[in-house]
Amino acid sequence: MTDPLSAMLGLGLFGIACLAFTEKILPAPPSHVLLLFLGMTRSPDLATLCVLLAATTFGSTTGCLFWYAMGRRLGPARADALVGRFGRYIFLRHATYAGFARAYRRNHVRASLVAQFVPTVRNYLPILAGALRLPVLPFALATLFGATLWNTGFLIAGYSMRGSGHDLLVVAFRIIVVLLEMTALLALRYRRLWWPRLGPARG
């Protein structure tokens, strides 16, 4: 464990919430690795696991609201240009961003919820929500619900592996593979949110 991570964990629930917030800003370590680690090492019982869930969900949602505020400040044109220029460095393809822009315009609550289950997208799509001036309350509630489901799954997975001798990095790698498969399935399931107008947009 690195010294900064140890220092943050030494702050208790506040430090854990800050880690969840920071992961939304700069996704290192990835959220699933952080949540697995917390579930494996910081949750001796179910009551503590519930407290960890509340702290991490608060941090995750606050991080999304930070990006939402940044998006409102940037506006649609500058946010689009920023993703077009730097998105590839954070594995956020401009085509994916543009697809979710169309999805947000069609059904912003559903798009905000689905975004929470797509790696990398879940970190930075709130910029788009803010840039489009989506109503903050529905966005926040959808994000909160999605983050709760995401965090619950990985915290429970980590909790179930306590004392099992599993290597965290190996487990994290396997989960990355599962996440990629899940992303593909979500893309297929919700393709109608953004793909119908993709052809005309290209023309």
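Me: Which residues form one aromatic cluster in this structure?

Reply: In this predicted model, the cluster is made up of Phe21, Phe66, Trp67 and Tyr124. A search of the whole structure gives 5 aromatic pairs, and one of these is the pair of Phe21 and Phe66, whose ring centres are 6.1 Å apart with their planes at 75°.

Me: Why is the pair of Phe21 and Phe66 called edge-to-face?

Reply: Ring centres must lie within 6.5 Å to count as a pair, and planes over 60 degrees apart count as edge-to-face; the centres of Phe21 and Phe66 are 6.1 Å apart and their planes stand at 75°, so the pair is edge-to-face. The two rings link distant parts of the chain, with Phe21 in helix 2 (residues 13–25) and Phe66 in helix 4 (residues 46–74), 45 residues apart.

Me: What makes Phe21 and Phe66 partly exposed?

Reply: Partly exposed covers what lies between the cut-off for buried, under 20% relative accessible area, and that for exposed, over 50%. Phe21 has a relative accessible area of 28% and is therefore partly exposed, and Phe66, at 35%, therefore counts as partly exposed too.

Me: How do you know that the pair of Tyr68 and Phe139 is stacked?

Reply: Planes under 30 degrees apart count as stacked, and the planes of Tyr68 and Phe139 have 25° between them, with 5.0 Å from centre to centre. This pair also links distant parts of the chain, since Tyr68 is in helix 4 and Phe139 in helix 9 (residues 136–160), 71 residues apart. Both Tyr68 and Phe139 are buried.

Me: Why is Leu82 called partly exposed?

Reply: The relative accessible area of Leu82 is 37%, and a value that is neither under 20% nor over 50% counts as partly exposed, so Leu82 is placed in that class. Leu82 is found in helix 5 (residues 76–86) and, leaving aside residues up to four places away in sequence, touches Leu74 and Gly87.

Me: Which residues touch the most other members of the largest nonpolar core, and which helix gives the most to this core?

Reply: The largest nonpolar core has 25 residues, of which Leu92, Phe100, Tyr104, Val121, Leu125 and Leu128 touch the most other members. At least two residues of this core come from each of helix 4, helix 5, helix 6 (94–106), helix 7 (108–115) and helix 8 (121–131), and helix 8 gives the most, with 7 residues. Another core, of 18 residues, lies apart from this one, and Ile16, Ala55, Leu155 and Met161 are among its residues.

Technical notes: Residues numbered from 1 in each chain as written. Predicted model: local features only at pLDDT ≥ 70, side-chain atom pairs only at ≥ 80, totals over all residues. Heavy atoms only, no water. Helix = DSSP H or I, 4+ residues; strand = E, 2+ residues; numbered from the N terminus. Buried < 20%, exposed > 50% of the residue type's maximum accessible area, 1.4 Å probe, protein only. Contact = heavy atoms within 4.5 Å. Phe/Tyr/Trp six-rings, centres within 6.5 Å; stacked < 30°, edge-to-face > 60°. Core = buried A, V, L, I, M, F, W, Y, C linked by side-chain atoms within 4.5 Å.
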